[in-house]
Amino acid sequence: MKALFLVGGMGTRLRPLTNKIPKPMIPIMGKPLLERSILNLKSVGIKEVVLSTCYRAQYIQRYFENGEKLGMKIYHVKEDIPLGTGGAIKNAEEYFDDTFLIFNSDILSDIDLKEFIKYHREKGADVTIAVTQVDDPSMYGVIEYDENDYAISFKEKPQPHEVTSNFINAGAYIFEPKVLEEIPAGRVVSVEKEVFPQLIEKGYKIAVYKGCSYWIDIGTPERYLQAHMDIMSGKYRINGLNFSGKGIYKGPGCDIHSSVKIYEPVYIGANVKIEENASIGANAIIGDNVRIGRGVKIMRSIIWNDVVVENGATLIDTIVASNCRIKQGCDYYSTVYVGEDSCPMAI
Ligand code: GDD
Ligand code: MG
């Protein structure tokens, strides 16, 4: 079975983090989210993946190339102008002549893909949509379904008074290829607003699958931080990392002064230098090649790669993008910092 990732969105709500890199390439515990998602597919035997790109397509193409490095076959389908989620699916039509998977690329979830596929077959569905329950559905696509778990209505980003269910589209679908014939070609189409409602009207069977126990869309700085806090608390498990509200992961080549105080859980990448009397954690995620000066305090924060934090700085509930320098004695609380040429943004 092949899978399609929708990776062409602008990542507007994650700006300024997405000024330079596309949202699917944002690191989750030091590795791009899209790479983690592709490797998850590999672990269940899926070997071919199509990436539907648009915004910063080159960045994604250059990183994954033809997939050889990951032991996969990866195809890139680039849109010159954004075609929307439905248009992007239609645009990749030539790759799919059998049942296939589709994913939004900003989702972290523990969906069991084998169960998801089995369920789709058992329901004899044309489309199966993974759904999840959230407290505030107004930021998502709300789905109503009947007593047999077939969808009956969709409402994308409803106003609070329009919310009829707190089950939302979790951004993972299984499609039968015949559904592609129902998507108009050559124009912008939303799968959520246009295709799904029309499929129901035409009598197609859209099943809903409720199998995600952990699910988060990392598409805002708050939720991006939250996803990391969930990994550190053990609520969500990442392959190869085992945090449970405790735990220290330290990559190779680190040079950490003996006076540094480390409060678990903490993730420290490779080649990190931490100087005297710094205080790291709890819940600090430090990328590769980071230099942390004397007396620095970092808590509940994510530092990407190649960052310098000068002496005496404080970072709390803060995200620092790659290649930044935090100046001596500067304090940032609930901030996204991407460099001197952009204003720090409050989270
Ligand atoms: N190729 C391509 N072209 N991809 C696109 C385009 C486009 O024009 N527009 C969006 N995408 C990709 C994004 O990169 C992302 O992976 C996915 O489609 C969904 O876009 P988002 O911008 O993240 O949508 P959302 O979060 O507001 O809403 C969607 O996801 C929710 C779950 O997180 C919808 O599918 C909702 O119904 C759903 O509840
Ligand atoms: Mg999203």
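# Close-up views of the predicted model

**Lys 157 is partly exposed, its relative accessible area being 40%.** The model shown in this and the other views is predicted. Lys 157 belongs to the loop that runs between β10 (151–156) and β11 (167–175). Its phi is near 45 degrees, which is a positive value in a residue other than glycine. The 40% relative accessible area of Lys 157 falls between the 20% below which a residue is buried and the 50% above which a residue is exposed.

**Glu 65 is a non-glycine residue with a positive phi.** The value is about 45 degrees. Glu 65 sits in the loop between α2 (57–64) and β5 (73–78). With a relative accessibility of 45%, Glu 65 counts as partly exposed.

**Asp 106 and Asp 217 are the protein donors of the magnesium ion (ligand 2).** Both coordinate through OD, at 2.0 to 2.3 Å from the ion. Asp 106 comes from the loop between β6 (100–104) and β7 (107–109), while Asp 217 is part of strand β13 (residues 215–217), so the pair ties together parts of the chain that are 111 residues apart in sequence. Are the two donors buried or exposed? Asp 106 has a relative accessibility of 7% and counts as buried. Asp 217 is likewise buried, at a relative accessible area of 10%. Both values are under the 20% cut-off for a buried residue.

**The peptide bond from Arg 15 to Pro 16 is cis.** Omega is near 5 degrees for this bond. Pro 16 is placed in the loop between β1 (2–6) and β2 (27–28).

**A cis peptide bond also leads from Glu 264 to Pro 265.** Here omega is near -5 degrees. The loop that holds Pro 265 connects β16 (261–263) and β17 (266–268).

**The largest cavity holds about 60 Å³ of space.** Its lining is made of 14 residues, and those closest to the centre are Gly 30, Ile 285, Ile 302, Ile 303 and Trp 304. The elements giving two or more residues to this lining are β2, α6 (221–233), β20 (284–286) and β23 (301–303). By residue class, the lining has 10 nonpolar and 4 polar residues and no charged ones. Where does the largest cavity lie with respect to domain 1 and domain 2? Domain 1 (2–213) and domain 2 (221–346) both contribute lining residues, so the largest cavity lies between them. In the search of the whole structure, 2 cavities of 30 Å³ or more are found.

**The second largest cavity has a volume of about 40 Å³.** The residues that line it are Gly 141, Val 142, Ile 143, Phe 154, Lys 155, Glu 156, Asn 169, Glu 192 and Phe 196. Two or more of the lining residues come from each of β9 (141–145), β10 and α5 (191–201). How many residues of this lining are nonpolar, polar and charged? The lining divides into 4 nonpolar, 2 polar and 3 charged residues. Lys 155, Glu 156 and Glu 192 are the charged residues in the lining of the second largest cavity.

Terms used
Residues numbered from 1 in each chain as written. Chains lettered and ligands numbered in written order. Predicted model: local features only at pLDDT ≥ 70, side-chain atom pairs only at ≥ 80, totals over all residues. Heavy atoms only, no water. Donors = N, O, S within 2.8 Å, 3.2 Å for Na, K, Ca; no water. Helix = DSSP H or I, 4+ residues; strand = E, 2+ residues; numbered from the N terminus. Buried < 20%, exposed > 50% of the residue type's maximum accessible area, 1.4 Å probe, protein only. 1 Å grid on protein atoms, 1.4 Å probe; cavity = no way out; pocket = protein on both sides within 12 Å on 5 of 7 lines; lining within 4 Å. Points joined across faces, edges and corners; volume = space filled by probe spheres on them. Domains from an automatic or database assignment.
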